Amino acid sequence: MNEEFSRLEQHLKTLRLSCFLSSYQRVANQSAKANHSYTEFLSVLAEQEVHKRVESAIAGRVRAAKFPQLKTLDTFDFAAQPALKKKQLIQLHQCHFLREKSNVIFIGPCGTGKTHLSIALGHEACAQGYRVYFSTAAGLINTLIEAKHEYRLQKKMKQLCRFDLIICDELGYIPFDREGTDFLFQLVAARYEQGSMIVTTNLPFSEWTNVFHDSATAAAVVDRLVHHSTILQIQGDSYRLAQKVASSKT
Ligand code: ADP
Ligand code: MG
């Protein structure tokens with residue numbers, strides 16, 4: 001029996017069926033007690049292996065997305081943000097917008113939950129099997145400038161276009177030079193109707209000329225982003241500040 005088991009162990013290792021290996025003895029004992037058929041026994045083991053692989057693939061996609069924190073829709077307090085329709089966010093959370101290759105744009109002041117919601121949508125996208133990349137607008141522009149200096153801008157663009165969803169956080173917070181914003185425009189243009197973006201910004205569209213240096217480029221970016229998109233205007237005071245004020249009163 002020991003020799004047989006070590007042979008089985010070796011085969012399972014070769015086949016990289018680690019869950020089979022770790023659960024084999026326990027499931028075998030349970031199946032023997034319950035008088036399960038071989039098929040039932042194998043089915044339980046196979047199910048556990050599949051479950052583990054799905055979970056580790058999700059974890060891999062979440063790691064690759066480089067979210068700054070983990071945020072979910074469950075932890076978002078909709079009562080604190082009456083400008084947002086919970087139903088609309090739940091619908092976006094189902095990720096149909098990714099199948100349609102359309103975009104989501106969060107516009108609102110600092111601290112009102114734009115990053116929180118974009119991470120929540122991105123995290124669910126990872127769970128549904130989509131490849132996601134999270135970056136601040138500054139991070140994205142720096143990555144593209146760096147790639148240009150290393151003569152691999154086109155390669156980087158192609159690499160970024162392979163993501164199903166790019167989250168570009170905090171557009172408008174930091175001014176960029178012309179070269180940087182032109183690269184961002186190229187990325188938006190390359191992804192138009194090919195892949196989705198979530199953009200968060202504190203600036204209304206009318207002020208995007210301040211980011212993109214001239215009204216023609218700003219209009220071209222807005223046009224491509226907005227054509228197939230959901231635009232969510234967030235209002236009100238910073239949630240962080242409101243929490244701080246509430247806690248200092250108690
Ligand atoms: P923004 O990106 O709009 O500046 P964040 O998403 O970074 O704001 O939110 C700031 C902090 O407040 C985060 O920790 C976030 O989780 C929290 N927060 C903001 N709005 C809400 C909300 N309505 N419910 C729960 N947490 C919130
Ligand atoms: Mg933010």
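Q: What makes a set of grid points a pocket?
A: A pocket is an open set of points with protein on both sides within 12 Å along at least five of seven lines. In this predicted model, the space taken by ligand 1 is the largest pocket.

Q: How do you know which residues surround ligand 1, and how many are there?
A: A residue counts if one of its heavy atoms lies within 4 Å. By this test 14 residues surround ligand 1, and the closest are Asp77, Gly111, Lys114, Thr115 and His116.

Q: Which elements give two or more residues to the shell around ligand 1?
A: They are helix H6 (114–127) and helix H12 (239–249). H6 supplies the largest share, three residues.

Q: What makes up the shell around ligand 1 by class?
A: The shell has six polar, four nonpolar and four charged residues.

Q: Why is the approach of ligand 1 to a side chain of Thr115 called a polar contact?
A: An oxygen atom of ligand 1 is 2.7 Å from an N or O atom in the side chain of Thr115. The cut-off for N or O pairs is 3.5 Å, so this pair is a polar contact. Backbone atoms are involved too: a polar one of Asp77 is 2.7 Å from a nitrogen atom of ligand 1, and an N or O atom of Thr112 lies 3.1 Å from an oxygen atom of the ligand.

Q: How much of the accessible area of ligand 1 does the protein cover?
A: The protein covers 85% of the 550 Å² that ligand 1 has on its own.

Terms used: Residues are numbered from 1 along each chain as its sequence is written. Chains are lettered from A and ligands numbered from 1 in the order in which they are written. This is a predicted model: local features need pLDDT of at least 70, side-chain atom pairs count only at pLDDT 80 or more; totals for chains, interfaces and linings use all residues. Side-chain values use heavy atoms; hydrogens and water are left out. A polar contact is a pair of N or O atoms within 3.5 Å; within protein, one must be able to donate a hydrogen and the other to accept it, and residues adjacent in sequence count only if both atoms are side-chain atoms. Accessible areas come from the Shrake-Rupley method with a 1.4 Å probe; for residues, only the protein chains shown count as cover. On a 1 Å grid over the protein atoms alone, a cavity is a set of points where a 1.4 Å probe fits but cannot get out, and a pocket is an open set with protein on both sides within 12 Å along at least five of seven lines; lining residues have an atom within 4 Å of a point. A molecule sits in a cavity or pocket if more than half of its atoms lie within 2 Å of its grid points. Helices (H or I, at least four residues) and strands (E, at least two) are DSSP runs, numbered from the N terminus. Ala, Val, Leu, Ile, Met, Phe, Trp, Tyr, Cys and Pro count as nonpolar, Asp, Glu, Lys and Arg as charged, and the others, Gly among them, as polar.
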